[in-house]
Every structure is written in C-alpha cells, then in structure tokens.
Amino acid sequence: MIMERILLTSEAGPESFADYERQGGYSAWRQAVTEGSPARVLEEVAASGLRGRGGAAFPVGKKWQFAAETPAERKYVVCNGGEDEPGSRKDRFLLENYPHKVLEGLLLAAYAIGAHEAYLYVNHEYHQAQAALERALAEARAAGYVGPHPCGSDFAIEVHLHAAPSTYVAGEDSAAVNSIEGKPAKPRQKPPYPATAGIHGLPTVVNNVETLANVPAILRRGAAWFRGIGTESSPGTMLFTAMEGVKRPGIYELPFGTPLRYLYEECAGGLADDRPLKAILPGGPSSGFLKPDALDLPLDYQAFRDAGSALGCGVMTFYPEGTDIVDEVLKIAEFFARESCGQCAKCQFETQQLLRILQMVKAGKATRAALAMIDKVLDQSRGQGWCSLINMPGPPITSALRLFPEDFERYLANGGR
Ligand SMILES: Cc1cc2nc3c(=O)[nH]c(=O)nc-3n(C[C@H](O)[C@H](O)[C@H](O)COP(=O)(O)O)c2cc1C
C-alpha cells in the first residue's frame, strides 16, 4: 500500500513559510506565472482526476473549465473554509497547520481560470486559522508571491480573508458567494451555478480547503504521480476524521483504496474499551449508516456509493453495540431541522416533519403507518430546495430503518400493529 502523504507533510507541528519553501512550496506557483500558462495548469489538474473534498466529490478540472470558458471582465476564486458540519475539523487543521499549501492552491486556481481576486472564506469561530492565514498572506506578499506582479509576472492577484458565519448552510457554495457580497449567507437558486455566475454574477470557482491544498503537489509532481496514489475513480489521498468514541481520535490522511478496517483498527485503534462495533456512519450526518461488514470496503467514493452510503467530507463515526440508533437519527433530524435556513418552504416542512415523526417514535407514540410516512415526506421533497440540504436527512434515516429495524420496532405504539 502506498502511504505517501500529500497534505499532512509536517511531523513537527505547523509548517512555517521557510519549511514550506524548503519542500518546494511556491515553486509550482512561480513556474506557472513565469513560464507556464493557465491552460497548462488547468490541463494538469484535470488530468490528475482530483475531486472536490467538500462533500460532493465534483471533478475539479471540470469546475475550473466552466469558469475559465465563461467570458467575463472579472472572475473570482473562493477557498471554502465554512466547515460547520458536526464533527468535521480537517479544514481547520489544514488552515492552522498548512496555510501556505492552501494559499498556493488558491493562487493556482485563480491563475487557471483568470481570476485576479481570491477569497479565503473561513468559519468566523476559527480564530487560530484566521491568524495563521493572515500571517501566511503577509509572508507571501513580502516574498512577492501575492500582489500586482507575483514573481515578477503581470498576473496581478489579490487575496482577501472573509469571515464565514457559523451556520451549516453558510458553507454551501452559493451561500458563500452571497456572504462575500455582503448579503445573508443563504443559498441561491441554481442554475446558474457559481462557476458561471457567482460573486456579482461573475464566474466564481468555490473549492474546499482540502481540495485546494492538493493542487500545489499535483503541479509540482505531475498528474501521473497523483494518479499513482489512490484508485482509478478516486485518485490521491483524503483526510478522514475519527473522533467520537475511538481509542486514538484524530485526523488521518490515507490513500483512497485503503480498507476502512485500516482506518478503524490501525489508525483509530478501534472503539474505546474494545466495545464491539454496531454501526458506521462514514461520511457525516448526510451519509447512510453501514454495518460492520463495511470495514472491508476500500475507502473510495464509488465503493461507498455502491454500498448505499457516501464518504462525504470524511467524518467517520463508529457506534458501539448498545447504541440506540433511534437516538442517533433523532440527533441528525434535529440538526437538519435546526439548520434548514427557512428560505425554501419544502425544506423547512420536510426537516420539521421528519423530526416530528422521529420524536413520536422515541416517545412511543408512532405507529408503523407513521414510519411509512418518512418515505412519502422524502419523495415529495427530493431535489426541491435551493441547495442539497433538503436531500441530506434521507440517507441516514432510511438506512437506519433498513439496517436496524429492531431499534425502531421496540418503540412502536401498540406493539407495532
Ligand atoms: C448545506 C451545505 C453545507 C455545505 N458546507 C460546506 C462547507 O462547510 N465546506 C465546503 O467546502 N463545502 C460545503 N458544502 C459544499 C459546497 O456547496 C461546495 O460543493 C464545495 O465548497 C465545493 O468545493 P469542492 O468541489 O472542492 O468540494 C456544503 C453544501 C451544502 C448543501
């Protein structure tokens, strides 16, 4: 198994500007703006097969191409560090410890699409990450990497820091665009997507922090090198966050294709007190639950989709025997009902209805007919919102009902009749 690290390359705490430059940092940026071309950068990133790490795994080259090909007097790029998903802190970790890697990725994205303004959109509660970015920006400016003539070239580039409200929807890409425009951080109706009509209606690429952090290494070492790590459909590595209930909580960088069992047993050390495993939620609150046999799946976007779940942004939760899955889906339903922003009546209705049904189950007041309503509520709202939050509560709830029916049965009113 290739255990090459692309992101977490420093063993000695935060990577300083000097450390980063010593490892070849900013050489891809220098090479691109002085000898390369935007098309070359875009081609290499497209050829690498890099997919977005913000949850949807969208091909990065394709998104950049939409923005590059849309004629406009100005374009923008945004590094999305909104990160308000429960349990996720990999973007904060990268920003605090590897700010230059993220910044260089952002500069390269701007160059590839022809944007002269870039935004670091960072959760406003991430004070340390913001301080790290301010310092990194000042260092990059002083070294001549950011400004009117980066590396002596004529590709002017300015980078701004923008504090993201800490609500879940503020991390959605069009909500980030609204926030940067000074509006409430709520999603826009799509299409058009930000890549063709984002900030001020102009092409705007929004990429996740981790996605951008991969870009400098791809340009320095080449698309073929990147494709040599991971799998055909999911090249490279990914950050997996396993915090809750495991012996060694942490953020682990693993090549795609690594068995989930390796993450669970070797990295996280299994569940505390060696409790047996009952269920896995592999991609945060919008993914489907899996049973322990999923430990043999390779960590790969497609493999998890085929198994009825998703890798999302890599927040892995392992539940011990004895966990009441009804409690877990109730917490998830509460989260989505709370975070539905109120713009779309259907999303608000759906998330409230699901919560009400699950509260009735927990209170022992639901019948089998009430459970059957869940599918109806989901069917009526699928794809009806301005953002995909409306589609998010379905997978955890329906998979829980399918895989752990006995957890629900014992709460049903009248013995489930
Ligand atoms: C409700 C909601 C919240 C989201 N929150 C985030 C977030 O905090 N960070 C993020 O990168 N993407 C988030 N996304 C996904 C973004 O809309 C977008 O797909 C992503 O930033 C694109 O970057 P990528 O292609 O590099 O993954 C969210 C999406 C939704 C629907």
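What follows is a friendly exchange about a predicted model, moving from its aromatic rings to a helix, a pocket and some backbone details.

Reader: Let me start with the rings: how many aromatic pairs are there, and what kind of pair do Y20 and Y26 form?

Author: Happy to begin there. Counting rings whose centres lie within 6.5 Å, the model comes to 15 aromatic pairs. In one of them, Y20 and Y26 sit 5.4 Å apart centre to centre, with 85° between the planes. Planes over 60 degrees apart count as edge-to-face, so the Y20 and Y26 pair is edge-to-face.

Reader: Are Y20 and Y26 buried or exposed, and which residues form one aromatic cluster with them?

Author: Y20 is buried, and so is Y26. The two tyrosines belong to one aromatic cluster, whose residues are F17, Y20, Y26 and Y145.

Reader: How many residues apart in sequence are the parts that the Y264 and F318 pair ties together?

Author: First the geometry: Y264 and F318 form a tilted pair, 4.6 Å centre to centre with 45° between the planes. Both Y264 and F318 are buried. Y264 lies in helix α11 (residues 260-267) and F318 in strand β8 (residues 315-320), so the pair ties together parts whose separation in sequence is 54 residues.

Reader: Nice. Which residue has its charged end over the ring of Y126, and how far is it from the ring centre?

Author: Here the partner is an arginine, R92. The charged end of R92 sits over the ring of Y126, and its distance from the ring centre is 5.6 Å.

Reader: Why is helix α9 described as largely enclosed by the rest of the structure?

Author: Good one to check by eye. Helix α9 covers residues 209-221, and the buried ones include V209, L212, V215 and I218. Polar or charged residues such as E210, T211 and N214 are buried there too. The helix is largely enclosed because the number of its 13 residues that are buried is 10.

Reader: What is found at the two ends of α9?

Author: At the start, a side-chain oxygen of N208 comes to within 2.8 Å of the backbone nitrogen of E210. After the helix comes a residue with a positive phi, near 100°, and that residue is G222.

Reader: Turning to the second largest pocket, what is its volume, and which residues lie nearest its centre?

Author: The second largest pocket has a volume of about 380 Å³. Its lining is made of 17 residues. Those nearest the centre are P86, G87, E244, T317 and Y319.

Reader: How do the lining residues of that pocket divide by type, and which elements each supply at least two of them?

Author: By type, the lining of the second largest pocket has nine nonpolar, four polar and four charged residues. The elements that each supply at least two lining residues are β8 and α13 (325-339).

Reader: Where are the cis peptide bonds involving P191 and P192?

Author: One cis bond joins K190 and P191, with omega about -5°, and another joins P191 and P192, with omega about 5°. P191 lies between α8 (173-180) and β4 (204-208), and P192 is found there as well. The place to look is the loop between α8 and β4.

Reader: Which loops hold A57 and H200, given their positive phi?

Author: Neither residue is a glycine, yet phi is about 60° at A57 and about 50° at H200. A57, at 6% relative accessibility, counts as buried. A57 is in the loop between α3 (38-48) and α4 (60-69), while H200 is in the loop between α8 and β4.

Methods
Residues numbered from 1 in each chain as written. Predicted model: local features only at pLDDT ≥ 70, side-chain atom pairs only at ≥ 80, totals over all residues. Heavy atoms only, no water. Phe/Tyr/Trp six-rings, centres within 6.5 Å; stacked < 30°, edge-to-face > 60°. Buried < 20%, exposed > 50% of the residue type's maximum accessible area, 1.4 Å probe, protein only. Helix = DSSP H or I, 4+ residues; strand = E, 2+ residues; numbered from the N terminus. Lys NZ or Arg CZ within 6 Å of the ring centre and 35° of its normal. Polar contact = N/O pair within 3.5 Å; in protein donor to acceptor, adjacent residues only side chain to side chain. 1 Å grid on protein atoms, 1.4 Å probe; cavity = no way out; pocket = protein on both sides within 12 Å on 5 of 7 lines; lining within 4 Å. Points joined across faces, edges and corners; volume = space filled by probe spheres on them.
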